[in-house]
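Please read the following with the chain open in a viewer, moving from the sheet to the helix that covers it, then to the core and the charged pairs.

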Amino acid sequence: MTSKHPSDSLTILTDLVLPSETNPLNNLFGGELLARMDRAASIAAGRHSRRIGVTASVNHVAFNKSIPLGSVVIIEAKVSRAFKSSMEIYLDVWVEDRQSGNRTKANEAIYTFVAVDDTGRPVEVPLIEPETELEKLRYDAALRRKQLSLVLAGKMNPHDATELKALFT
């Protein structure tokens, strides 16, 4: 199986924040943003694996800035690392000023997707070859996040989490 680059899975969703999607403070509901990110991550996973991608976990979400009514929201999703059948998807959320076109990073998230066949069974996915410095940083950190998740779930012995141990030695 030929490896791929994160840019091969790049997915960009651009949308407006409408009144029905806001809370009483006229900011985008967090759940609405999560759903948009899930859709972008699903497309990125499918582009990488050329299979159905199902959400396995939402590993991290940072709601750093509120997104007001009428904002242009841009969600960029890319596969940051691929394992056997799972893919870590890193998402950056931007708000674009409608007059100037300037973008401000509002939020970020990390989702895990699993590629499955038509019967729902996991299938292998291509590996990732990061190209940019940011892609390399996210690629390296993905293994530590995976090991931490496995240790916390009781699926990996902490002594076997070599990447995590390396942070402390």
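In strand S5, the bridge partner of Tyr-90 is Ile-110, and this pair is a convenient place to enter the model. The model is a predicted one, in which local features need pLDDT of at least 70 and side-chain atom pairs count only at pLDDT 80 or more, while totals for chains, interfaces and linings use all residues. Residues are numbered from 1 along each chain as its sequence is written, and side-chain values use heavy atoms, with hydrogens and water left out. Helices (H or I, at least four residues) and strands (E, at least two) are DSSP runs, numbered from the N terminus.

Ile-110 is also the bridge partner, in S5, of His-60. Strands S2 and S5 run antiparallel and are joined by ten bridges, and S4 and S5 pair in the antiparallel sense over eleven bridges, where two strands pair if DSSP finds at least two bridges between them. S4 and S5 form a hairpin with six residues between them, and Gly-101 in the turn has a positive phi of about 85 degrees. Strand S5 is mostly covered, with eleven of its 14 residues buried; buried here means under 20% relative accessible area, exposed means over 50%, and partly exposed lies in between (1.4 Å probe, protein chains only).

How are the five strands ordered in the open sheet? The order is S1-S3-S4-S5-S2, with antiparallel pairing. Strand S1 (11-16) and strand S2 (52-63) stand at the edges, and because each has a single partner strand, one side of each is left without a neighbour in the sheet. From one strand to the next the twist averages 25 degrees. At the S1 edge, S1 and strand S3 (residues 72-82) pair in the antiparallel sense over six bridges, and the bridge partner of Leu-16 in S3 is Val-72. Helix H1 packs on the sheet, touching S1, S2, S3, strand S4 (86-96) and strand S5 (103-116), and its direction makes about 45 degrees with that of S3; axes are lines fitted to C-alpha atoms, for helices over the stretch in contact, and angles run from 0 to 180 degrees between N-to-C directions.

Ala-41 gives a view of this packing from within helix H1 (residues 30-49). At 0% relative accessibility, Ala-41 counts as buried. Not counting residues up to four places away in sequence, Ala-41 touches Ala-77, Ile-89, Leu-91, Tyr-111 and Phe-113, a contact being heavy atoms within 4.5 Å.

The contacts lead on to the interior. In soluble globular proteins, nonpolar side chains tend to be buried together. A nonpolar core is a set of buried Ala, Val, Leu, Ile, Met, Phe, Trp, Tyr and Cys residues joined through side-chain atoms within 4.5 Å. The largest such core here has 27 residues, and those with the most contacts inside it are Met-37, Ile-67, Ile-75, Met-87, Ile-89, Leu-91 and Tyr-111. The elements that give two or more residues to this core are H1, S3, S4 and S5, and H1 provides the largest share, six residues. Leaving aside neighbours within four places in sequence, the contacts of Met-87 include Ala-45, Val-79, Tyr-111, Phe-113 and Val-125.

Which charged pairs accompany this nonpolar interior? A search of the whole structure finds eleven salt bridges, each a side-chain nitrogen of Lys or Arg within 4 Å of a carboxyl oxygen of Asp or Glu. One of them joins the side chains of Arg-36 and Asp-15 (3.9 Å, N to O), linking distant parts of the chain, with Arg-36 in helix H1 and Asp-15 in strand S1, 21 residues apart. Arg-36 is buried, with a relative accessible area of 4%, whereas Asp-15 is partly exposed at 41%. The side chains of Asp-92 and Arg-138 meet in another salt bridge (3.1 Å, N to O). Asp-92 lies in strand S4 and Arg-138 in helix H2 (residues 133-152), so this pair ties together parts that are 46 residues apart in sequence. Asp-92 and Arg-138 are both buried.

The UniProt record, in an unreviewed entry, lists residues 7-119 as "domain: HotDog ACOT-type"; its positions are given in the numbering used here, feature names are shortened, and annotations may be inferred rather than shown by experiment. Over residues 7-119 the chain is 18% helix and 48% strand, and the end C-alpha atoms are 29 Å apart.
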